[in-house]
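Work through the exercises below with the model open. Try each task before reading its solution.

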Amino acid sequence: MTQLSEEQYYLLKLSEEAAEVSQMVSKTIQFGLDEVFAPIGQTNQERLQNEINDFLAVIEVLNEKFGFSFSADAQKISAKKEKMHAYFLYSQECQQSNQP
């Protein structure tokens, strides 16, 4: 079996954390932000925020140890927000046109 390099290990961790964020988003859509997961006493919002922090922690390690050099790009974020809003409006339009 081939051993992972440390960089590969953290990239794998980034993938795992992204999957955990995705899973928590799905649960939040299904049950809502305010639903409390009884075994740990946290709302879905808190749980989702924890998963996002875990994802960001791995990015920090990649930045610090491997020169990943990630930082939030305000222009790209703004462009993505505009694009998402446009697709939301289009989605609403499609749903209305598909109503019987």
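**Starting point.** At 39% relative accessibility, Glu6 counts as partly exposed; that class lies between buried, under 20% relative accessible area, and exposed, over 50% (1.4 Å probe, protein chains only). This is a predicted model, in which local features need pLDDT of at least 70 and side-chain atom pairs count only at pLDDT 80 or more, while totals for chains, interfaces and linings use all residues. Residues are numbered from 1 along each chain as its sequence is written, and side-chain values use heavy atoms, with hydrogens and water left out.

**Exercise 1. Find the salt bridge partner of Glu6 and say which parts the pair ties together.**

Step 1. Apply the criterion: a side-chain nitrogen of Lys or Arg within 4 Å of a carboxyl oxygen of Asp or Glu.
Step 2. Glu6 pairs with Lys65, and their closest N and O atoms are 2.7 Å apart.
Step 3. Lys65 lies in helix α2 and Glu6 in helix α1, so the bridge ties together parts that are 59 residues apart in sequence. Helices here are DSSP runs (H or I, at least four residues), numbered from the N terminus.
Step 4. Check the cover of the partner: Lys65 is partly exposed, at 47% relative accessibility.

**Exercise 2. How many salt bridges does a search of the whole structure find? Describe the bridge made by Lys13.**

Step 1. The search finds two.
Step 2. Lys13 bridges to Glu16, with the closest N and O atoms 2.7 Å apart.
Step 3. Both residues lie in helix α1, three residues apart, about one turn of the helix.
Step 4. Lys13 is partly exposed at 23% relative accessibility. Glu16 is partly exposed too, at 33%.

**Exercise 3. Is Glu17 buried or exposed, and which side chain of opposite charge is nearest?**

Step 1. Locate Glu17 in helix α1, residues 6–31.
Step 2. Glu17 is buried and has no salt bridge.
Step 3. The nearest side chain of opposite charge is Lys13, 6.6 Å away. For this count, Lys and Arg are positive and Asp and Glu negative; His and the chain ends are not counted.
Step 4. List the contacts (heavy atoms within 4.5 Å). Leaving out residues up to four places away in sequence, Glu17 touches Glu51, Asp54, Phe55 and Val58.
Step 5. Take one of these: Asp54 sits in helix α2 and is partly exposed at 34% relative accessibility.

**Exercise 4. Which residues does Asn63 touch, not counting residues up to four places away in sequence?**

Step 1. Place Asn63 in helix α2, residues 44–66.
Step 2. Its relative accessible area is 23%, so Asn63 is partly exposed.
Step 3. The residues touched are Phe68, Ser69 and Phe70.
Step 4. Look at Phe70: its backbone nitrogen lies 2.7 Å from a polar atom of the Asn63 side chain.
Step 5. Turn to Ser69, in the loop between α2 and α3 (74–97). Ser69 is exposed, at 62% relative accessibility.
Step 6. Read the backbone: phi of Ser69 is near 55 degrees, a positive value in a residue other than glycine.

**Exercise 5. Which residues make the nonpolar surface patch of about 270 Å²?**

Step 1. The patch is made by Leu4, Tyr9 and Leu12.
Step 2. Place one of them: Tyr9 lies in helix α1.
Step 3. Tyr9 is partly exposed, with a relative accessible area of 39%.

Key: Helix = DSSP H or I, 4+ residues; strand = E, 2+ residues; numbered from the N terminus. Polar contact = N/O pair within 3.5 Å; in protein donor to acceptor, adjacent residues only side chain to side chain. Patch = residues over 30% accessible without salt bridge, like charges linked within 9 Å, V, L, I, M, F, W, Y side chains within 5 Å. Areas by Shrake-Rupley, 256 points an atom, 1.4 Å probe, with all protein chains shown as cover.
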